[in-house]
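Visitor: I am new to this structure. Please show me how to read it, one feature at a time.

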Amino acid sequence: MSEDRAGTSEQLGSQWYDHEAGPLVRPYAMTGGRTKPGPTGVRFDLIALVSLDAGAPDVGDDSSLGPEHLALTELCRVETQSVAELAAGADLPVGVVRVLLGDLLELGCVTVSRPVPPAQLPDERILREVIEGLRAL
C-alpha cells in the first residue's frame with residue numbers, strides 16, 4: 001500500500017474513532033434497529049416529562065440494557081426532565097432517546113407525564129381577564 005493510501009485509510013479510521021470515547025456507534029445500533037418505542041406504541045412528545053420511578057428495579061443489574069439506558073436513568077435520577085432535555089443531556093438523537101425510554105417504561109423504571117392537550121387548556125381570553133382582574137387589585 002502506498003503512503004498516500006495508508007494516510008487516507010488512517011484518516012478515515014480516525015473519523016470513526018474518538019480517542020476519549022472509543023468507537024463511535026451508529027444510532028440504529030443503540031436501539032437494535034428499532035425506530036418505534038416498544039410494542040405498546042407509546043409516543044413520547046418532546047415536552048413529556050420523564051422521572052425515575054421510586055419503586056423501579058435497579059437497571060445496573062440488567063445486562064440487556066446498554067450504557068445509553070443507564071445514562072438516561074442517571075439523568076432522570078437527578079431531576080424530572082423532558083424528552084428533549086434528556087436527548088441533549090445524553091448527547092443522543094431524540095429518536096434514539098424515545099426508543100430507549102420505551103424500553104425503560106416497559107421495565108417500570110421511569111414514569112412519563114404527558115403534556116396537557118391544547119383542547120384542555122383554558123381559553124386565552126379567560127386568562128387575560130384573570131390577569132386584568134389581578135392588576136386591578
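Visitor: Leaving aside its neighbours within four places in sequence, which residues is S51 in contact with?

Guide: Contact means heavy atoms within 4.5 Å. By that rule S51 is in contact with C76, T80, C109, V110 and T111, once neighbours within four places in sequence are left aside. Before we go on, note that this is a predicted model: local features need pLDDT of at least 70, side-chain atom pairs count only at pLDDT 80 or more, and totals for chains, interfaces and linings use all residues. Residues are numbered from 1 along each chain as its sequence is written, and side-chain values use heavy atoms, with hydrogens and water left out.

Visitor: How far apart are S51 and V110 in sequence and in space?

Guide: They are 59 residues apart in sequence. In space, C-alpha to C-alpha, S51 and V110 are 5.6 Å apart. For the protein, residues 24 or more positions apart account for 73% of the contacts with a separation of 6 or more.

Visitor: Is S51 buried or exposed?

Guide: Buried means under 20% relative accessible area, exposed over 50%, and partly exposed in between (1.4 Å probe, protein chains only). S51 has a relative accessible area of 18%, so S51 is buried. In the protein, buried residues make up 26% of the 137 residues.

Visitor: How many helices and strands are there?

Guide: Helices (H or I, at least four residues) and strands (E, at least two) are DSSP runs, numbered from the N terminus. The protein has six helices and five strands. From the N terminus on, their order is α-β-β-α-β-α-β-α-α-β-α. S51 lies in strand β3.

Visitor: Which strand does β3 pair with over four bridges?

Guide: Two strands pair if DSSP finds at least two bridges between them. Strand β3 (residues 49-52) pairs with β5 over four bridges, in the antiparallel sense. Look across the pair: V50 stands opposite V112 in β5. S51 stands opposite T111 in β5.

Visitor: What is the strand order in the sheet?

Guide: The order is β4-β3-β5, in an open sheet of three strands with antiparallel pairing. The edge strands are β4 (81-82) and β5, each pairing on one side only. Helix α3 (residues 67-78) packs on this sheet and touches β3 and β4. The direction of α3 makes about 90° with that of β3. That angle uses lines fitted to C-alpha atoms, for helices over the stretch in contact, and runs from 0 to 180 degrees between N-to-C directions.

Visitor: Where do the side chains of β5 point?

Guide: In a regular strand the side chains alternate between the two faces of the sheet. Strand β5 (residues 110-113) shows this alternation. V110 and V112 point to one face and are buried. T111 and S113 point to the other face and are not buried.

Visitor: Which residues does S82 touch, not counting those up to four places away in sequence?

Guide: S82 touches L46, I47, A48 and L49. S82 lies in strand β4. With a relative accessible area of 9%, S82 is buried.

Visitor: How many salt bridges does the structure hold?

Guide: A salt bridge is a side-chain nitrogen of Lys or Arg within 4 Å of a carboxyl oxygen of Asp or Glu. The structure holds four. One of them joins R77 and E74, with the closest N and O atoms 3.3 Å apart. These two are three residues apart in helix α3, so about one helical turn separates R77 and E74. R77 is partly exposed at 46% relative accessibility, and E74 is partly exposed at 44%.

Visitor: Which side chain does E124 meet in a salt bridge?

Guide: E124 meets R128, at 2.5 Å, N to O. They sit four residues apart in helix α6, so about one helical turn lies between E124 and R128. In addition, salt bridges link D123, R125 and E129 in a network. Between D123 and R125, the closest N and O atoms are 3.7 Å apart.

Visitor: Is L137 buried or exposed?

Guide: L137 counts as exposed, at 85% relative accessibility. L137 lies in the segment after α6 (124-136).
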